[in-house]
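I opened this structure to make a few notes for someone new to it. I begin with the ligand, then turn to one residue and to the salt bridges.

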Amino acid sequence: MYVIIGSKGQLGTALQAQYPDARAVDSDELDITDTDAVNAFDWSGVDVILNAAAYTNVDGAETADGRIAAWQVNAQGPANLARIANQHDITLVHVSTDYVFDGAQGPHTEDEAFSPLGVYGQAKAAGDIAVGLTNKHYILRTSWVIGEGKNFVRTMLGLAARDISPSVVGDQIGRLTFTGELVRATAHLLEAKSTYGTYNVSNSGDATSWADVTRAIYSLAGRDDLTVTDTTTSEYFASKPEASPRPLNGVLSLDKLTATGFQSKDWREDLIAYVTKETA
Ligand SMILES: NC(=O)c1ccc[n+]([C@@H]2O[C@H](COP(=O)([O-])OP(=O)(O)OC[C@H]3O[C@@H](n4cnc5c(N)ncnc54)[C@H](OP(=O)(O)O)[C@@H]3O)[C@@H](O)[C@H]2O)c1
């Protein structure tokens with residue numbers, strides 16, 4: 001049996017579609033930071049834990065309360081699950097982020113040393129270390145996730161619908177990752193019984209800036225009449241001193257995943273399908 005944790009988030013929702021027979025729980029049913037609750041959960045018959053739970057408010061993690069929450073959910077929570085996985089001989093699938101790196105260069109390989117700039121990335125790196133200690137684990141390291149929920153593509157479609165010509169950061173580069181791609185990679189690694197460890201997972205295709213992604217979104221939404229202007233990270237965040245620093249280069253090398261026989265899909269292909277559905 002599979003258990004999906006954080007089942008109402010972007011990734012959790014997509015995992016439920018792939019594994020309809022899985023037991024799906026969100027924070028209201030199983031809070032992974034609550035060690036007693038994690039210990040008391042019925043793990044009998046569970047083969048795989050799919051952990052999609054996370055504190056994903058990158059800027060919120062820089063606040064006094066957010067710092068505590070980010071460390072609890074992104075570090076203590078995965079450590080609780082790691083302990084359970086080892087005790088019950090369960091395979092633990094966990095999700096990491098390009099924010100564990102400073103982004104001074106890329107593409108990032110799986111064995112690059114951690115160098116997180118902000119609290120979110122620091123706590124995620126700690127979670128990766130804990131999960132990495134389990135006997136049977138897959139850590140899917142990903143970037144720029146787009147699924148059912150609040151995300152960049154929906155935000156930009158909202159601006160386009162309000163006739164706004166936005167200024168968007170042009171010096172952070174990466175690749176979108178549609179949740180379908182994370183689900184496909186999860187299923188592939190589990191079914192192929194790939195060697196346990198960390199695998200980068202994003203869509204393939206050209207590495208682009210957020211500004212370029214926005215131009216692609218506007219174009220697909222039929223809003224070439226509006227202009228997307230490049231701004232820099234430092235300009236954009238000048239008026240937001242409370243915001244978290246972000247890695248400039250979040251591009252993930254897909255070589256290790258490709259070597260397992262997985263073919264990543266171009267982000268532009270998935271973006272077309274996503275925007276078409278959102279604007280229908
Ligand atoms: N979003 C991105 O751009 C991005 C980029 C790189 C990596 N990632 C990683 O990808 C994974 C999935 O992200 P996502 O975008 O799907 O996240 P998301 O939409 O923010 O969903 C996170 C889910 O985790 C749940 N959760 C929070 N605290 C919990 C707790 N203590 N116990 C149990 N569940 C808890 C949330 O429930 P509540 O709403 O009830 O709190 C929510 O359902 C995460 O590991 C994230 O770090 C995301």
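**Around the ligand**

I asked which element gives the most to the shell around the ligand, and found that E4 has the largest share, with 3 residues. I note here that the model is predicted.

I then listed the elements that give two or more residues to this shell. They are helix H1 (10–18), strand E4 (91–97) and helix H4 (119–132).

I looked up the shell as a whole. The ligand is surrounded by 25 residues. Asp26, Ser27, Thr56, Tyr120 and Lys124 are the closest. By type, the shell divides into 11 nonpolar, 10 polar and 4 charged residues.

Next I checked some polar atoms facing oxygen atoms of the ligand. Aspartate 26 has a polar side-chain atom 2.7 Å from a ligand oxygen. For valine 95, a backbone N or O atom lies 3.3 Å from an oxygen of the ligand. For valine 145, a polar backbone atom is 3.0 Å from a ligand oxygen.

How much of the ligand does the protein bury? I find 78% of the 910 Å² that the ligand exposes when taken alone.

**Threonine 97**

I stayed with strand E4, where threonine 97 has its place. Is threonine 97 buried or exposed? Its relative accessibility is 5%, so threonine 97 counts as buried; the cut-off for buried is under 20%.

I looked up its surroundings. A polar side-chain atom of threonine 97 lies 2.9 Å from the backbone nitrogen of tyrosine 99. Beyond its neighbours within four places in sequence, threonine 97 is in contact with Tyr120, Lys124, Arg141 and Thr142. I had already met Tyr120 and Lys124 among the closest residues to the ligand.

**Salt bridges**

How many salt bridges are there in the whole structure? My search gives 15. I followed up three of them.

The first on my list joins the side chains of glutamate 148 and lysine 277, at 3.4 Å from N to O. Glutamate 148 sits in the loop between strand E6 (145–146) and helix H5 (152–161), and lysine 277 in helix H10 (residues 267–278), so this pair ties together parts 129 residues apart in sequence. I checked the exposure of both partners. Glutamate 148 is partly exposed, with a relative accessible area of 37%. Lysine 277 is exposed, at 59%. I also found this pair in a network of salt bridges that links Glu148, Arg154, Lys277 and Glu278.

My next entry is aspartate 163 with arginine 223, whose side chains meet in a salt bridge at 2.9 Å, N to O. Aspartate 163 is in the loop between H5 and strand E7 (167–169), and arginine 223 is in the loop between helix H7 (210–220) and strand E12 (229–231), so parts 60 residues apart in sequence are tied together. Arginine 223 has 19% relative accessibility and counts as buried.

My last entry is the salt bridge between aspartate 206 and arginine 268, with their closest N and O atoms 2.9 Å apart. This pair links distant parts of the chain, 62 residues apart. Aspartate 206 is in the loop between strand E10 (197–200) and strand E11 (208–209), while arginine 268 is in helix H10. Both count as partly exposed: aspartate 206 at 35% relative accessibility, arginine 268 at 34%.

Terms used: Residues are numbered from 1 along each chain as its sequence is written. This is a predicted model: local features need pLDDT of at least 70, side-chain atom pairs count only at pLDDT 80 or more; totals for chains, interfaces and linings use all residues. Side-chain values use heavy atoms; hydrogens and water are left out. A salt bridge is a side-chain nitrogen of Lys or Arg within 4 Å of a carboxyl oxygen of Asp or Glu. Helices (H or I, at least four residues) and strands (E, at least two) are DSSP runs, numbered from the N terminus. Buried means under 20% relative accessible area, exposed over 50%, partly exposed in between (1.4 Å probe, protein chains only). A residue is near a molecule or strand if one of its heavy atoms lies within 4 Å of it. A polar contact is a pair of N or O atoms within 3.5 Å; within protein, one must be able to donate a hydrogen and the other to accept it, and residues adjacent in sequence count only if both atoms are side-chain atoms. Accessible areas come from the Shrake-Rupley method with a 1.4 Å probe; for residues, only the protein chains shown count as cover. Ala, Val, Leu, Ile, Met, Phe, Trp, Tyr, Cys and Pro count as nonpolar, Asp, Glu, Lys and Arg as charged, and the others, Gly among them, as polar. Contact means heavy atoms within 4.5 Å.
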